[in-house]
Structures are given as structure tokens and as C-alpha cells.
Amino acid sequence: MHLYNLTLQHATAAPQAIVGNFSGARQQEIIVSHGTRLELLRPDVQTGKITTVIASDAFGSIRSLAAFRLTGGNKDYAIVGSDSGRIVILDYDPKTSAFVKVHQETFGKSGARRIVPGQYLAVDPKGRSVMIAAMEKAKLVYILNRDAAANLTISSPLEAHRNAAIIHHIVGVDVGFENPMFAALEVDYTESDQDPTGEAFNNADKLLTYYELDLGLNHVVRKWSEPTDPRANLLVQVPGGQLASSDRYDGPSGVLHRVPIPRRKHPLEDKDRGVIITSAVMHKMKGAFFFLLQSEEGDLFKVTIDHEDEEVKTLKIKYFDTVPIASSLCILKSGFLFVAAEFGNHQLYQFQKLGDDDIEPEFSSTDYPSFGMSEPTLALPRAYFRPRPLENLALADEMESLNPILDAKVMNLLPNSDSPQIFTACGRGARSTFRTLRHGLEVEETVSSDLPGIPNAVWTTKVKEDDPFDSYIILSFVNGTLVLSIGETIEEVQDTGFLSSAPTLAVQQIGADALLQVHPHGIRHVLADRRVNEWRVPQGKTIVAASTNKRQVVVALSSAELVYFELDLDGQLNEYQDRKAMGSTVLALSIGEVPEGRQRTPFLAVGCEDQTVRIISLDPESTLETISLQALTAPPSAICIADMLDASINRSQPTMFVNIGLQNGVLLRTVLDPQNGQLTDTRTRFLGTRPVRLIRVQIQHQPAILALSSRTWLNYTHQNLMHFTPLIFDNLDYAWSFSAELSPEGLIGITGSVLRIFQIPKLGTKLKQDAMPLTYTPRKFISHPTNNYFYCIEADHRVLGEAAVEQKLQELRAKGQTIDEEVLNLPPEQFGRPKAPAGTWASCIRIIDPVEGKTVSVVHLDNNEAAFSLAILPFAARNNELHLVVGTAQDTFLSPRSCTSGFFRTYSFTNEGTGLELLHKTETDDVPLSLMGFQGRLVAGVGRALRIYEMGKKKLLRKVENKTFGSAIVSLNTQGSRILVGDMQESVSFAVYKAPENRLLVFADDTQPRWITCSTMVDYTTVAAGDRFGNVFINRLDLKVSDQVDDDPTGAGILHEKGLLMGAPHKTKMLCHFHVGDMVTSIHKVSLVAGGREVLLYTGLHGTVGILVPLVSKEDVDFISTLEQHIRTEQTSLVGRDHLAWRGYYVPVKATVDGDLCEMFARLPPSKQSAIASELDRTVNEVLKKLEQLRVTASGF
């Protein structure tokens, strides 16, 4: 078995984000690390929308990011710390739109290790040096400078190690142009290590240490080190030579100031709980600066320092606003705050004001004795504030993020959809969502209006060549033409010079200020002064097809003749003296747009009924001569010539493509050679069941092609590469570009008798997301076999359930306390729910209608129960009636796992599955982490025991169990009497149930331990699974062993076989192994394309959706793996990680090719492309075609 891995949706989690002028322009950009890839975002200052400029795979894991600028420079560089054991400096090159590695310095081993630097980065504010540190001990300083040619240089590393020190945070200190200084929060563990009583550990000091880089001596010195508050966790740089830690500040004058971090005044708050600052950002303005600190609840605090020169007078803190919890905050000079959210969508806010004039209470260090430092070891009195909706910030834009995906299903549930949807349960806490992912581009409809009849075509046109917007909409009906003018409103007009008594075949704004209409009996040329020149068709013939551009008109007559017209310099249309007889009825014609600075386009494509396409010259030397001919498999229905940029073919200029739509719904894309007019590099794609129509449109100032069949597809250029994606919209019968003040970049289309105006806002996104909110963190969901509903369990730890909240409020009211209703009723999706002590759970079961995208009903669990697993299964004892069984546990603690009692809640479905009725609860002794139906009974993994239950009157009855599993059973799959058991730490075991003896026996397991997260059966002997460390692997059991077990009626043979390596008597063999780089949360065997081959689709915690495609032929395997080897040598990783080592992080990669790397072939320089292609004995186009074919046939993407 050989697999080809392709990522359909890259990870969207953002562990880190930095801001800077990376392109060297005046505008600031944001670089976001997505764990294994870097993305450059550009916020538009006018509209407040974020656009992706470039995203590129690092093929390594990015641990830290920092931006720096050399003194006097106008461009920022990005420094990346990763698991490659190297420090990398990247520069964004706007010309090639790519990240370029400027420097790559090796300093240690690869892998994310404790003492190999890369975890923390700190930059000197003046851009002279950078410190890169590990979690423990190691810190290296590099000096950054320029050489004579003004290129960036980097020194050898200088060590600033400190043995037996754990580093909590490092930061560069602003000292102006004195020697660069870095501050670190460290804990020395020498004594704690040697003291068995644990007393030294409790008394260990947290030290604030200054490291100075002496530029003269080229050496790093530990300047001073002083114990600070043991709760300090974050350092923030202060402008002008001062330093801040989480709750104390340190100026060079030695006077310390301290303020408390305010807490929410919430009636349900947990009084014993502390509050910590998780992220911070400093912003400098002219003559002032402030900090925004964010607590773990999401509240932002504004911190200011009043100072006179060097002396700090006061330190003040006040509540600012509440935003989602961020892993990074970035303030842009244009007045925006970018929040790279820890979970859920990332957000861009605009500052409305800086919170200086509001009535929020402000806490100042001068309010406390000796600036809050009279008792440095004791906490200050608590300060409280009332959370409120946003006042200082306003949401400008949101970037969709699937992170975290906790469970997913792939099914085709939506009506009239020909490809399956991916349903995902995402998010954490009250911001959780249930999302439907559909392959296609999102469409925003602006106008939809009914027409008097059913038109067969629509056009828009300007009146003059240099008009900014369109003036007319022309609709063609079977027996006439309707012209609408576009103004304040859209209304019918009569005096346009167009013939309204006949249908229209083509409309064109021609020359400087004239219009042209082609109808079956002739051509009308309407001049600017409303005079009409008409060319009439000879008696007994009609026009059957036409194609036009600004200077040329070609029409095909019913007698299979072509008539060619060209505009002369006086603006008159002249017919070419000869007519060309085609010999077969013409079905479609196309000429391209006139190139800049030219009189005409030299080629015409004609499709005839004899299943051919001819390219005909329009050059004055050889007018209407046939240059080349291509045979087709079906009669053509449409042809469209368009010049589009595709960097994989030619990066410097657009390529001329001839797109041919066939009557059987297939689209051919061929490249037209501009020198000799030959057609090369044909690619085919099945679009739908209706004959294809092709229309040239403009999208975001780039030429694009709409292809209409039973689905509407858009062929467009995004980030210099060609994409072909369906629109998620009703089927269009005809469409055209539409440009008016309201939608300058719109499209207009007709569906039946409805006229629709729409636009496509987000190019480049392949999956459209529709989200619906959930109450708590979703854990698992399952589909009902007959009614298309989903049943989802949600549970949140350290949160009070609804009943517990009511009870607590009643207790408080009984005590006579006044409850602040306003704070209590703040929306939890924005403010979260108040935290409770460990072991407290809020949980519910939700019924979801995925087609409507709404919740049907919710069942809340009480008694501090939390749901962990669920299954829908028929019970044989109840005539195979379907029941829902939910595994719950009461008072659960996570580490170590314990609960007072586990339960199976058995529900029957009421009113066709929209309601649930509790039949009974069955008590168990541990947390049931997985459930599954099995031969009319329930098989359950309860802690480390596997059990089979039968339905009883008062509860479920335990029939058989097996307790030989290692830690906890987390996944179950079954076929026949075989059960595949995924153990949390011990990989997948094969078990069999032997009914005659009522035995559950394990007969095979894995040779190596694996921390399983999900598994699925590929066939009866093969299992695919994902583990906690981001690997996907496939194990297979020997067929002989499989048959032998099935032939043994009682299982006595297995019982008496000798175990191997402390386990089962047989071992499975590993077939494939691949490191995805994201923790796999679900894996499914599905077919994504109608009639396509089955693939394994997996989802990852960080929002990854990927597929593993089985390669069918031996020659495919050889070709793709050789290609991968060549690209490995050419395309080095952005962070300097060895690609083979990265994909084989824990176990060497086996029988799996990295498709994401192979797809980089399109971005390689042309010289490297041809070198690799010649090594493979192919042309570059053949390689590209093969890669595209692999992707399209497997996923449709």
C-alpha cells in the first residue's frame, strides 16, 4: 500500500503573530505562525478587512517568531525559532511574493528539546542583537549588523547559559544605544533537585536576571540577578530603559511599583482562584506609551506609567475591554488591534478611543503604601471591575478558524449536492461552534429580482470605453430583447438603438463610444449619436454563433460559413472579402480580448458539430486560414479564449488558454502557443451533467472564466497560481460581469426567471464554513442512520452547569446578597462562563439538524455529570429498535483520572428523533470513554475494561468483560464478530467475541506503544489510526492469522496460544506511517468525488483537514516518490528542518509521499522545474498535469 498525503485545509491555529513593515512599503503587515506554516496578512486600512498575501509551508514546527529592523532601516525581517536546531532570518520579497531565507545558523540538535534554544526569542529594540533561549539552561545571543553592501549580517553565537535554570520568559530591554540588554525570568532548581522533602522547591526564588551584551568585548555578561515575586510569569519591554514583570515594575532608579490585577466582580466567582496575565503588548505613540495586558478570562487592561525623565511616579491599571483569549496581541499604527485567538476565529478590532475619558475605576500604585511594595511577599488587596460590552474597540474583521476540531463526520446530507460535506465540532467553552464545510467559493448576493419571462442570456455593457461602470443590462428572450438602464434604480429603456423584436446573440461596447448587437438576422452597430449601421444576413440564412471584442466581430451562419469584421480607424465595421466555409455546423466560437497596444487578436477558435476545434488565423497576412485542429470526444457546446496568469506555466506574463466545454459536461483546458497557434497541454475535468457554457469575467481586476453546468465553476488566478473551484450558489443558466457603484466587482446571472447580482468576496478559500453556536466544548457527535440528525455531547470542566448556577444564586439570595443581574446576563460567547473549582462539570446532549443548521433540542445533565461518549445502536432484546446510549461520569477529575461513578444513560427516540426519553441509568466503576453497537448489544470501553452489555428492564446487564488492556479504551471499531480496540497508550488491539463460550479474546496487538486518538477500519484486517503526536499510521493483520481466528468456533486455540512480548499471541504489521504535524482527532474512509476512489480523510486539532490517497499503479508510486526526492533536495524548508526527518518525526516515514511538498513543484523556478522533469523523463507540463490529476480525482479540489 502506498499513500499520497494532501492537505485540503491547512491548520488555522495561530500560536504566535508579529507585526512589522515586512514588504518595505509604508503599510504594516502581520505574520502569523500556524504551527507548521507562515502566513503574511495585510489589513486594509480603509475597509478594515484582512487579506492573505502569501502562506507558505515551513515543513517543520515553528516555536517562536520575532520581528526586528536594523537601525535606520525601513524594512522588518522575521526571525524564526523552530525545532530544526537553527535560527533563521526571513525576508519577504514582494517581487516574487515569497519568503526568502537571509540567514540560517545551526546551533544545536533538531527536535523540540528542553535545552536546545528556539522556544523564546527576544530582540534588542534597536535591532542590534537577538537572544534565542531554550526552556532550560541554554541562551544564545547573535549580533546583527550590515556589511558594506548594506546586506544583513549575523555573528557567531555568544553563550549566556546558566546551569540548572528553568527559563519562564525573556525580553529585550530598551536601553537606547548603550550595550544591548536582555532580561530573563529564571528559577534555579539545583537545590530543589537534591532535596527529597520538597521544601527547597517551595522556597525556590524566581530571579529576574539582566544579561548585557558588551559590543566592545563581544561577550555576554550576567549584569545582576535579583529575586522577584514567585508568581511573575511575563516580562514586557518598557520604552526608555525600564522593565516590567507581571505584577511589578523596575526602573533603573530602583523604586519598585506594584498594582493588583483587577478581577471580575461576578456573583459566582471562585474566591480561591488567582488571575494571571497571558499576553501583553506595548504601543508607543508620539510622546506617550501604554500597555495592553490580557488576563486568562479575555479581559484587556490598559497600563500606563507616569514618569518624569528617569523617575517613575505612578503605575496605573484599568479595565479596557474584553476580547477572545489571545495567544498574541498586535497593535498596528493605523489604529487596529489584531487578536490571534487561542481558540476559534481570529479577530481584527479598530480602536474607537483609548479609554482615557471613561468612568472605569483606575488603580494606581500611589494608592498603596510605598507604591504597593510595603509587603512584597503578600498579595495586594483585591481590585474589582465590572465587565461590559465593547466600548473602546469595534470589530472590523474576522478570520475564520476551525481550531480546535474535536470531532468530524463526512457525509452527503445537503439536498442536490453531488459531493459530501465535512461536519466538524470546533471550539472551546462558550465560543464553540458546529460547522459545515462545503467545497466551493462563498457568494454574497446583493440583488435578486423576478423577470417577466425566462431569458436565455444576459449581458452588461458600458456606453463609452472609458466609463467606470456599466450603463445597460441586456436580457435576451426567445422572441425579443429587453434593455434595462443601471442608475439609482434599474428600469427599462427603449431608445438605445438595439433591436428589441428579436433575441440577441452577443453585445459588445466597440471602438471608443459605439455599441454592437448581434441578432439572428444581422449585426447592428449603434454609433454615439444614435445612428445605426446594420449588416443583414443573406436571404434564407441566420447567424447561429458570434464572438466579439473591442475591435473584431466573427459570426457563423447557418450555412456553416464564417464572416469576419474588423473595426477601421474611422470606427466603421468592415467585412473581410472572403467567407470561410467550415464544412460542418458551427456550434461555438471565441476570440480573445485585444492585447494592449495591438489592433487585433490573431486567433479565432471554432468548434464544429464534427467534434473538432479549429484554430483559425485572423492575421492580415493569412486571414481565416486554419492553423491547427484538435479532435474532441463529444460535440463542443462552448469555447472561450482567455489570457490568464499561471505561474506554474509562465510567471512573467499571462498564458493564452483555450477552454472548450463539451455537451457531455466535460471541460478541456488547452494552452495556445502564441507563436505557431498549436494547442498543447490538454487537461480535462468533469463539471456536471449539463452542456458547459463558458463566460469570460473580471474578478478582482484579474481575468477569470465562469463555467456553467449543473454546478457553476470559477477558473481564476490567486497568488499567481490557477484555481478551479465551484461556487456555492444556485445553478446559473447564464452570467456576465457586472460593475456598478454598489458592487464594482460583481457578477450578474440568471436562474430560471430570476435575475441575480452577486459577488465573490474571498478568493483562495476552498472550503466554505457555515457555523452554528454550541453551549459548551463539544466532545463527540454521531449521526442517526435514518433521520439525518446529529447527536452531539458537550462538556466543560471547571464550569458550573445550569442547575448548579441556579442553586448557587438561590443560596446567595437566601443570604440576602444583591445579585448583579447585568454582569450575570453578559453573553457567555463573548465573556466566557465564570470558572469553578476542578472536578466541576457542565454538560449537555444536543440534537442538531445539519441541513437547516439549527439546534432541535438540548438535554442538560445534572448532578455534576459530564458526557464522554455516545452511540446509537439497535438492541436485539427490543426488536432491534434504535436507542441512544450516552456514557457519563460524575465528579470527574482528569489527572489522575477518577470519578465517583460512571453511568450509561439509555435514551429512546421520541417524535422521529427530535426528542429523547431517558429509559434508565446503569452505574459503572470508571469513566466510559467509548461505546459502540455490536450484534444487537452494546460494547463499551469502561476505563481499561472492555465489556458487552445486554438491554434489561431496569438497566443494562453486563454479559462479558476483558480487563487486559493497558490504560484506557478510547476507540472502538467492528466488523463481523471482530472488535478493534484503541487503547490510550497501547495502540490498537484486535479482539474477537466467541458467542458459544461467551468469551472476549484479544488475539493480536501492535509491536509498539501508540497514544491513540482515533481509528477506523480500512478493511477486515487493516486499521488506520492517528496518535497524540501527530502521526497517521496503517496496521495490517496477516490474512492467515485472521482466517485461523475466524475458523476457531470457541476461541480455545487463541486462549492456549503463548503471548508474544508480554502481549497477544500475534502482532500486526505496519504498512504506512506519516507525521502530519497536527494531532489527529478523527479519521474516515470516504469518497469525496462522485464515482471517485475512496480516500482516508483526517482532521487535526489545529484545524487541519487532509486526505491520504491510495496510489493505484506501480508507475504512479515510482513517479511520485522520485519527484518527492528531487523536490526535497531543491526546496529546502523555510526553517531549515530536514524534510525526511520532519515527516518521520517519531517513526521513519513509510510508504507515504508528501503531496504538499510535491505541489511546491509549481512554485519552483523554471530552470529547476525543467531539470527535475528531465530527470523523470517527462515534460514540466506532464508533471504538473499528473499532480493536478491526482488532486482532482481524489478530492475534487
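The following paragraphs lead through selected residues of this predicted model, from buried polar contacts and salt bridges to patches on the surface.

The account may begin with E29, which is placed in strand β3, spanning residues 29-33. With a relative accessibility of 1%, E29 counts as buried, because that label applies to anything under 20%. Two polar partners of the E29 side chain can be named. One is the backbone nitrogen of F22, which the side chain of E29 reaches at 3.0 Å. Another is the side chain of R42, with which the side chain of E29 makes a polar contact, also given as 3.0 Å.

A buried lysine offers a further case of a side chain meeting the backbone. K318 belongs to strand β27, which covers residues 311-322. The relative accessible area of K318 is 7%, and the residue is therefore buried. A polar atom of the K318 side chain lies 2.8 Å from the backbone oxygen of G355.

The salt bridges come next. Side chains of opposite charge can pair when their charged atoms come close. The structure holds 69 salt bridges, and three pairs are described here individually.

In the pair formed by E186 and R162, the side chains meet at 2.8 Å, N to O. This salt bridge links distant parts of the chain: E186 sits in strand β16, while R162 lies in the loop between β14 (158-159) and β15, and the two are 24 residues apart. How buried or exposed are these partners? E186 has a relative accessible area of 0% and is buried. R162, at 13%, is buried as well.

A second salt bridge joins the side chains of E950 and R937, with an N to O distance of 3.0 Å. Here too the pair links distant parts of the chain, with E950 in strand β77 (residues 945-950) and R937 in strand β76 (residues 937-942), 13 residues apart. Both E950 and R937 are buried.

The third pair consists of D1019 and R1036, whose side chains meet in a salt bridge at 3.7 Å, N to O. The connection runs between strand β83 (residues 1012-1019), which contains D1019, and strand β85 (residues 1031-1036), which contains R1036; the partners are 17 residues apart and link distant parts of the chain. D1019 counts as partly exposed because its relative accessibility is 30%. R1036 is likewise partly exposed, with a relative accessible area of 30%. Elsewhere, salt bridges that share partners form one network, made up of D321, K353, E360, R388 and E391.

Separation along the sequence and separation in space can now be set side by side. M772 is found in strand β66, residues 767-773, and is buried, with a relative accessible area of 6%. Although M772 and G853 are 81 residues apart in sequence, their C-alpha atoms are 6.4 Å apart in space. A second pair may be read in the same terms. Q577 and L406 are 171 residues apart in sequence, and the C-alpha to C-alpha distance between them is 70 Å. Q577 lies in the loop between β49 (573-575) and β50 (580-581). Its relative accessible area is 62%, so Q577 is exposed.

The surface provides the final part of the account. Which residues gather in a patch of negative charge there? The patch brings together E178, E308, D309 and E310. Of its members, E178 is placed in the loop between β15 (165-173) and β16 (181-188). E178 has a relative accessible area of 57% and is therefore exposed.

A nonpolar patch is also present on the surface. W1011, F1029 and Y1146 make up this patch, which has an area of about 310 Å². W1011 is situated in the loop between β82 (999-1005) and β83. At 32% relative accessibility, W1011 counts as partly exposed. Strand β83, which borders the loop of W1011, is also the strand that holds D1019 of the salt bridge with R1036.

Key. Residues are numbered from 1 along each chain as its sequence is written. This is a predicted model: local features need pLDDT of at least 70, side-chain atom pairs count only at pLDDT 80 or more; totals for chains, interfaces and linings use all residues. Side-chain values use heavy atoms; hydrogens and water are left out. Patches are made of residues with over 30% relative accessible area and no salt bridge: like charges are joined within 9 Å, nonpolar side chains (Val, Leu, Ile, Met, Phe, Trp, Tyr) within 5 Å. Accessible areas come from the Shrake-Rupley method with a 1.4 Å probe; for residues, only the protein chains shown count as cover. A salt bridge is a side-chain nitrogen of Lys or Arg within 4 Å of a carboxyl oxygen of Asp or Glu. Lys and Arg count as positive and Asp and Glu as negative; His and the chain ends are not counted. The place of a charge is taken as NZ of Lys, CZ of Arg, CG of Asp or CD of Glu. Helices (H or I, at least four residues) and strands (E, at least two) are DSSP runs, numbered from the N terminus. Buried means under 20% relative accessible area, exposed over 50%, partly exposed in between (1.4 Å probe, protein chains only). A polar contact is a pair of N or O atoms within 3.5 Å; within protein, one must be able to donate a hydrogen and the other to accept it, and residues adjacent in sequence count only if both atoms are side-chain atoms.
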